[in-house]
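Please examine the sequence and the model shown below before reading the dialogue.

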Amino acid sequence: MAKQEDVFKTIVAHAKEYGFVFQSSEIYDGLSAVYDYGQNGVELKNNIKRYWWEAMTMLHDNIVGIDSAIFMHPTIWKASGHVDAFNDPLIDNKDSKKRYRADVLIEDEIAKFDEKINKEVAKAAKRFGESFDEEMFRKTNPRVMEHIAKRDELHRRYSEAMNANDLAALKQVILDYEIVDPISGTRNWTDVRQFNLMFKTEMGSTADGAMEVYLRPETAQGIFVNYLNVQKTGRMRIPFGIAQIGKAFRNEIVARQFIFRMREFEQMEMQFFVRPGEELKWFDSWRQTRMRWHKALGLGDEKYRFHDHEKLAHYANAATDIEFQMPFGFKEVEGIHSRTNFDLSQHEKFSGKKIQYFDQEIGESYVPYVIETSIGVDRMFLSVLCSCYEAQNLENGESRVVLHFPAPIAPVKCAVLPLVKKDGLPEKAREIQHRLRFDMTCQYDEKDSIGKRYRRQDAIGTPYCVTVDHQTLEDNTVTLRERDSMEQRRVSIDELEKILIENVSLNSLLKKLL
Ligand code: GAP
């Protein structure tokens, strides 16, 4: 079986070869952790965004959207805590001159212990066969027990240092466990320092006295500072939500795993404003609603899990992640947070403006509490891409690469293919394509054999191919080929439109959420 690492490399290469994702500025040797979406990638990304946007704003009477600016008044980031606390612990190796996240170096070391343990278990499983009792082996094998004890001790010291924000203790862990720089192989480390992740730039000319501004590290603050505007102009009554999709920027020190951790990325965030004391009820409700949204895509229920946070930010009273099984393990795709009234209260304090809601039902004014749902578009894209990719060996001895995208979010919904490039078939195929393209992305392709054209469409995840042949000219029927089963059936052109719309429209997906 191919190693997961190799599978991931193959998926990344496929994403480039078929116009999904390119390295940014590639002809200038690229820009680290910044990516561009190609002709197929942008369609998939837009469909994911549309699925989220419509699920939020069209299926909920009490959620509206906004689009706030990326540049915001710098005091907003002071109020939100990002200027003082949006940091990663950073360490440099004096020999390689490379910079690392201290927490990532330690987490990698913990992973090495896990790898050793898993290797011992796999070896024993092979040796003992059917009679192997893994639980017992883990509890009694001296070598495994030793690795587990070392791993747990390392984890304990690491968690304590992180929770106490103790940078000296973090460095001591790195020294005690003899963690070396993967490049220089040495232990010649600097002290650990805090590194703020926000990008800064200047607004206005220096002669006028330029103002230092930040590129937003999250879209959420644009919602908080527009709370009053939307509540008043939209005559919104609590509970209600504000949704936004937009770019966010973080100067990530360790950027890896392709589009999983980027310096410029996109978020889809929704802040749901509720009555104080009702936040945990709403937290629970959004936790379920968001999981339903993910699972409705049909990528496999077993690929999702919740990871409830034990350690909470000082302003939060509940938080969970929705994790997805990527080729490199279960990873966070979405965060759901009960943020109390922290952000609105901070903006009230720093701006001097009253941010209150008069609740007529109970005759009281208060600063609303907030449940936040926050999902990364790029991570969602990666989870869809990875779980839909399959290299298949077919019964006839051939092979194909197929992307099993759920039809409503596939970049191209349908391809119309004339069997041959003559006898009026191209004209008929064009006529069908022109009819379909009002309702869906529909390609026309006449180059190469029909088999090769099917493979090309499989590789970009097109759910349906329509083949036009000589019989079409006689009886107005075409062959409809389904991507996953590769089954072909004859349908009339009038029927075709109905079948396709029913299967590829976003409505079919949205209806599963009700
Ligand atoms: N407003 C809350 C917030 O921003 P977060 O957990 O820092 O919370 C939310 O980010 C989501 O944004 C994550 O679950 C992830 O999907 C995405 N995200 C965060 N940092 C990212 C990065 N560097 N690259 C890609 N996606 C990222």
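The dialogue that follows treats the domains, one sheet and one buried strand.

This is a predicted model, in which local features need pLDDT of at least 70, side-chain atom pairs count only at pLDDT 80 or more, and totals for chains, interfaces and linings use all residues. Residues are numbered from 1 along each chain as its sequence is written, and side-chain values use heavy atoms, with hydrogens and water left out.

Student: How far apart do the C-alpha centres of domain 2 and domain 3 lie?

Tutor: The protein chain is divided into domain 1 (1-85 + 199-393), domain 2 (87-196) and domain 3 (400-513). These bounds come from an automatic or database domain assignment. Between the C-alpha centres of domain 2 and domain 3, the separation is 51 Å.

Student: Which strands stand at the edges of the open sheet E5-E4-E6?

Tutor: Strands are DSSP runs of at least two residues (E), numbered from the N terminus, and two of them pair if DSSP finds at least two bridges between them. The three strands of this open sheet follow the order E5-E4-E6 with antiparallel pairing. One side of each edge strand is left without a neighbour in the sheet because each has a single partner strand; these are E5 (99-101) and E6 (193-196).

Student: How many residues of strand E10 are buried?

Tutor: Buried means under 20% relative accessible area, exposed over 50%, and partly exposed in between (1.4 Å probe, protein chains only). Strand E10 (residues 264-274) runs antiparallel to E9 (residues 240-249), joined by ten bridges, and antiparallel to E16 (residues 369-376), joined by eight. E10 is mostly covered, and the number of its eleven residues that are buried is ten.

Note on methods:
Helix = DSSP H or I, 4+ residues; strand = E, 2+ residues; numbered from the N terminus.
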